[in-house]
Amino acid sequence: MPASRDLVVLTADGLYCPAGDFHIDPWRPVPRAVITHGHGDHARGGMGEYHCSEASLPILRWRLGEQRYRAYAHGERFRLGGATVSLHPAGHVLGSVQVRIEAGGEVWVASGDYKRQADPTCAPFEVVPCDTFITEATFGLPVYRWPDTAAVAADIVDWRRRCEARGEAAVLFCYALGKAQRVLAEIGAHERRPVLLHGAIAAGVQVYREAGVDLPPTRPVAEEAKGRDFAGELVLAPPSAAGSAWMRRFRRAQTGFASGWMRLRGNRRRRNYDRGFVVSDHADWPDLMRTVRETGARRVIATHGNTDAIVRALVEDGIAAEAFRTGYGDED
Ligand SMILES: [Zn+2]
Ligand SMILES: [Zn+2]
């Protein structure tokens, strides 16, 4: 297929759709951006227009302030240049979408970040049939397979109780946008005891609550009495708080990290966490392979992370696969 017919190409500014004259999650300022979700490496400031899902607006407004937003319902079709575009749930975080592009009789889908596991805080991933699928590959190695998240939440509750018996706080690090709210919602199914929050997480929790997501009761750590003993409390904090002065308020504490990266024991040891809990907002290896098959795509372009292994596996399956080098991070 000649490259000129491609509906999405890689440019210095990011993924670009020539037919529609717009970028998807660009990493440099451009006139017209379609944004898949509110994580900092996908939604950046300085764009002329932001085309996004209605469900992602509260997060984008929180992160980027007032901008020229055009928000669409899931599946609503709109025209950008010569392309027909629609946004479909990606199941990654609140408001996250895939971008479907149709032009010249071809359909391409750019996944953004996505997962297939159930998540009570956002709409589930929708399989969108396409000719070419641009898939993320953050965890594109066969070793990455996720356990059932409800079981992991039960482990976290059990860990808190053990800490309580030892007179320790249980400080669980997790990314402030998406992961923290999902972990809260999953824990809420096991116990409705208040969870204490670092300020960076409390802000995102507020955005989710205002969007109507049901979360268990929480309290900001900052409003607790000076010198109080946090023994037995579950505290959620961003990874940046690990090893910081903020930790000194917990006289005795165990630390844990909730992330797909915790699937590898070496990561936990290197980062010095007492416990690792495998909870990811990205697709694991079996779900990456399954999703590619379910879209029916004849051609696949992998972005982010471990693209080599997924490209190799797909080529072995007879699918035309390649990788784009993108400017996205590997937070999870
Ligand atoms: Zn993301
Ligand atoms: Zn990403």
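**A zinc pair and a nonpolar core**

In this predicted model, the zinc ion (ligand 2) is coordinated by His42 (NE2), by Asp113 through two OD entries, and by His304 (NE2), at 2.1 to 2.4 Å. Donors here are N, O and S atoms within 2.8 Å of the metal (3.2 Å for Na, K and Ca); water is not among the atoms, so sites may look incomplete. Along the chain, the donors follow the spacing H-x70-D-x190-H. The site is irregular, with angles of 56 to 130 degrees among its four donor atoms. For reference, four donors count as tetrahedral if all angles lie between 85 and 135 degrees; four count as square planar and six as octahedral if opposite donors are over 155 degrees apart and all others between 65 and 115; anything else is irregular.

Aspartate 113 also bridges the zinc ion (ligand 2) to the zinc ion (ligand 1), 3.9 Å apart. Distant parts of the chain are linked in this way: aspartate 113 sits in the loop between strand E10 (106-110) and strand E11 (132-136), whereas histidine 304, 191 residues apart from it, lies in the loop between strand E18 (299-303) and helix H7 (307-316). Helices (H or I, at least four residues) and strands (E, at least two) are DSSP runs, numbered from the N terminus. Aspartate 113 counts as buried at 3% relative accessibility, and histidine 304 at 5%; buried means under 20% relative accessible area, exposed over 50%, partly exposed in between (1.4 Å probe, protein chains only).

Attention turns next to the core. The largest nonpolar core has 31 residues, and Ile156, Trp159 and Tyr208 are among those with the most contacts inside it. Such a core is a set of buried Ala, Val, Leu, Ile, Met, Phe, Trp, Tyr and Cys residues joined through side-chain atoms within 4.5 Å. Elements giving two or more residues to this core include helix H2 (149-165), helix H4 (199-210) and strand E15 (234-237). At least three core residues come from each of domain 1 (3-143 + 282-324) and domain 2 (149-277), with bounds from an automatic or database domain assignment. Leaving aside residues up to four places away in sequence, tyrosine 208 touches partners including Ile59, Val93, Leu177 and Leu215 (contact: heavy atoms within 4.5 Å).

The structure holds zero disulfides, a disulfide being a pair of cysteine sulfur atoms within 2.5 Å. For cysteine 122, the nearest cysteine sulfur, that of cysteine 174, is 15 Å away.

Residues are numbered from 1 along each chain as its sequence is written, while chains are lettered from A and ligands numbered from 1 in the order in which they are written. Local features need pLDDT of at least 70, side-chain atom pairs count only at pLDDT 80 or more, and totals for chains, interfaces and linings use all residues; side-chain values use heavy atoms, with hydrogens and water left out.
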